Amino acid sequence: MPTPLQVTVQEKDVLRLVLDFLRRRELYLSMRAVERESGVVNGLYSDDVLFLRQLILDGQWDDALEFIQPVERVASFDSKQFRYLILKHKLLEMLCMRGEDLQQLQIEFSTEELAGCLNELEPFCPSREDYNSLCLLLTLPRLTDHAAYKDWSPSSARAKCFEDVCPLVSRFLPVEKNLKESDFASSGDRLLQLLVKGMLFESCVDFCQQKATGKDMGDASVSGMLHGTEADDSDLSLLSWLQSIPPTAFNCPFEQRALKLTVEKIVKPSTSWSEQIMTPMTPTPGSKSRMNPSPSPTTPTLYRSRPWSSNRLSQTLSTTLESALLNPVPKGEDNGVPEALSKSFANFHLGDPPAGHNNTFSGPLAPVAEAAERQTGGNPAAGSQLPQGHQLQSTPRSSRDVSETDLKQSRDRLQREWQEQERRRLLLQQQLMDGHSPELGAAVPTNQESVPWAPPAFTPVSTVEDVQAIRAVTFDPTGEFYAVGSNSKILKICRDAPDKEESPHRPIVLYKRMRHHKGSIYCIAWSPTNNLIATGSNDKLIKVVQFDPGRCNTVGPDTDLTFHDGTIRDLVFQTGTTRGPTLISGGAGDCNIFVTDCTKGQPMHVMSGHTDHVLALYSQDEMLVSGSQDRTVRLWDLRSPKCVQVIGTPGSDTGQGSIAQSVAVDRSGRLLATGQEDSSIMLYDIRGGRVLQTYHPHTGEVRSVRFSTKGYYLLCGSYDGNITMSNMTGDLLRPVEYGVVGQHQDKVIQCRWHPQKPRFLSSSADRTVRLWYLDEGI
């Protein structure tokens, strides 16, 4: 018996045939679904190009621009053309969205965002005519009203965009030299060719079988594609018959037969693209400016509801805002009224404040907090009562009177505060130029018109450098090590310098892993136990590794968590838990917060509530705080788990709230601090359910807030390049004193305190992480 003919079919190759078939027929949604479920892509790309492809096909335009920044430093790279193609497709997608009913996607954006995208695109347009033609699209009710975009859809446009940019980047991000394109890519509509040849093969086998049995069947016919023939799919009789034909039979010329192939193309259903789109345009959170690694200000705000409406806010906040509007107290009538909330914070901190600090502050109260103390039926701190002669006004004024009076008072107050802050800034700048810095614990002048508060002086003693912006830093629980994650996908673990080495020194890099993620490392956390390090990225992946301090290396396999469908913006380990390492993570995509058992690598809970990207998380025992692009801060009980309170950011009552970029809680669990996109910091009394005050120590987005170990100071990092420290030891209903303690050459992204000593880390878009020392304790 002859030896069987061995044929090996790889399912990956079959999928590549299918993907090529779908791409040629512009069935991009089906193509992406197959790719995501199988992990197979038709084509030979490097890992970097594959990641760029994923960003473009998912509509993450700003991330794509950020990803290519290292390549833009190469002189021969056509950066202008690349940015033109990306921004043009982004603009077209925004224009298409404008003319569609996108309620099911909860997409909305403003005309200013469209104009901002056009302004961003203008310098990269090949000619003025191209720019004018794009501007002309703004005048059309729908993008598809233009003849050139009659059949335009985001899914096909994204695929076309990648096909256009791929030649620009491929030679700068090459694949391995020993790989061949033919082994990874199907082309020439190969699937259809194989199907036709298979049908012909079946027809020939059937013809030969009938000839061999003496049946008269006339000319051979091709059977249908779906039902096939009686020939067995593994029957090689045809090959045997051909081999048995004598050579003389091939001396005579065969009659040439032509194959007439007709392909009846499918007709796509005439549905709106918004009903079929798999991944809506995914922005990074908006910002006031574009600098590495900030997102674009022109990215539409997606998945946005109206969190500032009264029915979406917590009851305590709604009551406070209502009181501020309906029960204002005229000026001059509040002298002598005891500060109930101030008394409740008299013993707020667990430790004693440093000697010499004066808790008295002067200046007006924040309007919301002031009104909250006077609302009818309020619940002031125990033991405090309102004296006679200071009864609350219960007769509300008209909304017109409230608006005019409040606007005038607010304008005057803001003008005074701005003048005072500018005076303080100039004085502080003069102090820094003169090299003057009061010692820690020095008496603070009680006269606000004199010298502003001077925070403790910190000195950068160590700097970790990278080739791209560094987003994420964290200390280990002992403070001996710290981990660094950057946009270059590199994970580094460094050792803190010995106490005796106070002069500037080079960092000790104990561990370095290249390409820890496929994309930028956005966040990093170190578990309280077991030395687990978790990182999140815009590759939608969380990696958990275990670090062995003794060997200065990771041990065991990495754990990949893949349940997020968007960029992981922040993650924290739960503290004070007895059930093993528990990781909490949130980000873009479905805006859910996942609580994961790291031992099993499986989510225990999925907490929903935010309507936009989750940008910041902070865990303290069974309490979790989350800040979001939906302009709310939520408090969660991890034992349930459920949301127990929703807090609107400053201005939410008027629909002008700012994005909550960072959150932190002091060690008592009573004081919440949030940093907003509008450069403000909000202090919130968790137990009292009220805003204490909002102040502006920065001129850019506040991207990091953290309380010191004892809770006396609040460390803040901002996109203005400054690191400030605020004094939390006084009356928190009065203006908070603050000062600059450090600076970077570019945006400050994260600041983290040392768990035991008066030191902190700061990461920046200037591609450095700095370790700051203070000689005296905090």
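Axes here are lines fitted to C-alpha atoms, for helices over the stretch in contact, and angles between N-to-C directions run from 0 to 180 degrees. The model is predicted.

**Exercise 1. Classify the packing of α6 against α9, and list the residues that make the contact.**

Step 1. Helix α6 covers residues 79–98 and helix α9 covers residues 154–170. Their axes lie 10 Å apart and meet at an angle of about 175 degrees.

Step 2. Angles over 145 degrees count as roughly antiparallel. The helices α6 and α9 are therefore roughly antiparallel to each other.

Step 3. On α6 the contact is made by Q81, F82, L85, I86, H89 and E93. On α9 the contact residues are P154, A157, R158, C161, D164, V165, L168 and V169.

Step 4. Sorted by class, this contact has nine nonpolar, two polar and three charged residues.

**Exercise 2. Check the length of α6 and determine how many of its residues are buried.**

Step 1. The expected span of a helix is 1.5 Å times one less than its number of residues. For the 20 residues of α6 that gives 28 Å.

Step 2. The end C-alpha atoms of α6 are 29 Å apart, which agrees with the expected span.

Step 3. Of the 20 residues of α6, 16 are buried, so the helix is largely enclosed by the rest of the structure.

**Exercise 3. Describe the largest nonpolar core and say which helix supplies the largest share.**

Step 1. The largest nonpolar core has 41 residues. Those with the most contacts inside it are I56, F82, I86, L91, L143, V165 and V169.

Step 2. At least two residues each come from α3 (47–57), α4 (61–67), α6, α7 (111–121), α8 (128–136) and α9.

Step 3. The largest share, 10 residues, comes from α6.

Step 4. Leaving out residues up to four places away in sequence, I56 touches W61, A64, I86, R158, C161, F162 and V165.

Step 5. A second, separate core has 32 residues, including Y695, V702, M728 and L733.

**Exercise 4. Locate S619 and decide whether it is buried or exposed.**

Step 1. S619 is in strand β14, residues 614–620.

Step 2. Buried means under 20% relative accessible area. S619 has 10% relative accessibility and therefore counts as buried.

Step 3. Residues up to four places away in sequence aside, S619 touches V572, F573, Q574, T575, I584, L624 and L638.

**Exercise 5. Summarise the protein chain as a whole.**

Step 1. The secondary structure comes to 15 helices and 28 strands.

Step 2. Buried residues make up 51% of the 778 residues in the protein chain.

Methods
Residues numbered from 1 in each chain as written. Predicted model: local features only at pLDDT ≥ 70, side-chain atom pairs only at ≥ 80, totals over all residues. Heavy atoms only, no water. Helix = DSSP H or I, 4+ residues; strand = E, 2+ residues; numbered from the N terminus. Parallel < 35°, antiparallel > 145°, perpendicular 65-115°, else oblique. Contact = heavy atoms within 4.5 Å. Nonpolar A, V, L, I, M, F, W, Y, C, P; charged D, E, K, R; others polar. Core = buried A, V, L, I, M, F, W, Y, C linked by side-chain atoms within 4.5 Å. Buried < 20%, exposed > 50% of the residue type's maximum accessible area, 1.4 Å probe, protein only.
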